[in-house]
Amino acid sequence: LCTSVGVMAYDRRNDRFNKVKCLGDRAIEYMMEDGDGTIWTASYDQGVYAYDKFSGKVIGHWCDGDVSEMISSMCLDRNGHVWAIGFSSGFFLYDSPRFLPYNKENTPALPTEIFFSAQSDEYGNLWLGSDNGLIRFNADNGSLKVFNSTSGLIDDFLNKSSIVLGN
């Protein structure tokens, strides 16, 4: 569980929750697990942490130079790549050992750098909820499309947990 004062893990044997001490007392906005069992956390003021649930240790921390310190969520794409979704600095693709930015500087068609959520689809698209509509971005070919109120959305401002993809 991510909370405003750290991460909690369920102890099945004792039927209780314990704090994951190595992740400290930071406010964690979002967590996800990749295919290797690494837990990735998004922090609103400390960037991204990677936690190895098997060893119980932090195996990576990215902030400032590599990735924004304000990360609102994370996403795995169809190929298992990790994406960090920045609250005010674009979004980032993990390319070990660093994150590669996608922002207005290197992706000028982006209408904003404020993102709240992301989901990937089976076509290689990343769907990003923002303060300026829904953005469909394809990292494979660099295509980008913005959906907003002129495209039929009721509002351009999408909430944090705003994207569910289905058939």
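**Notebook: loops, one asparagine, overall form**

I started at D15, which sits in the loop that links β2 (6-11) to β3 (16-19). The model I am reading is a predicted one. I looked up the backbone of D15 and found a positive phi of about 50°, although D15 is not a glycine. I then asked whether D15 is buried or exposed. D15 is exposed, because its relative accessible area of 57% is over the 50% cut-off.

Next I went to the other backbone entry on my list, a peptide bond. Is the bond from S96 to P97 cis or trans? I found it to be cis, with omega near 10°. I also noted where P97 lies: it is in the loop between β10 (91-95) and β11 (98-102).

I then turned to N148, which I placed in the segment that follows β15 (144-147). I checked its exposure as I had done for D15. N148 has a relative accessible area of 17%, which is under the 20% cut-off, so I entered N148 as buried. Which residue does the side chain of N148 meet in a polar contact? I found the side chain of T150 as its partner, at 2.5 Å. I also looked for contacts further along the chain. Leaving out residues up to four places away in sequence, N148 touches L153 and D156.

After the single residues I looked at the whole protein. I counted zero helices and 15 strands. How does the radius of gyration compare with the globule rule? I read 16 Å, close to the 15 Å that the rule gives for 167 residues, so I entered the protein as being as compact as a globular protein of that length. I also took the box filled by the C-alpha atoms along the principal axes, which is roughly 55 × 30 × 30 Å.

I looked up burial for the chain as a whole: 43% of the 167 residues count as buried. For the surface I noted an exposed area of about 9,200 Å², of which carbon and sulfur atoms supply 48%. I then went through the contacts between residues at least 6 apart in sequence, and 38% of these join residues at least 24 apart.

My last entry is on charge. I noted 14 positive and 22 negative charges in the protein. How far apart are their mean positions? I have them 7 Å apart.

Methods. Residues are numbered from 1 along each chain as its sequence is written. This is a predicted model: local features need pLDDT of at least 70, side-chain atom pairs count only at pLDDT 80 or more; totals for chains, interfaces and linings use all residues. Side-chain values use heavy atoms; hydrogens and water are left out. Helices (H or I, at least four residues) and strands (E, at least two) are DSSP runs, numbered from the N terminus. Buried means under 20% relative accessible area, exposed over 50%, partly exposed in between (1.4 Å probe, protein chains only). A polar contact is a pair of N or O atoms within 3.5 Å; within protein, one must be able to donate a hydrogen and the other to accept it, and residues adjacent in sequence count only if both atoms are side-chain atoms. Contact means heavy atoms within 4.5 Å. The radius of gyration is taken over C-alpha atoms; the globule rule is 2.2 Å times the number of residues to the power 0.38. Accessible areas come from the Shrake-Rupley method with a 1.4 Å probe; for residues, only the protein chains shown count as cover. Lys and Arg count as positive and Asp and Glu as negative; His and the chain ends are not counted. The place of a charge is taken as NZ of Lys, CZ of Arg, CG of Asp or CD of Glu.
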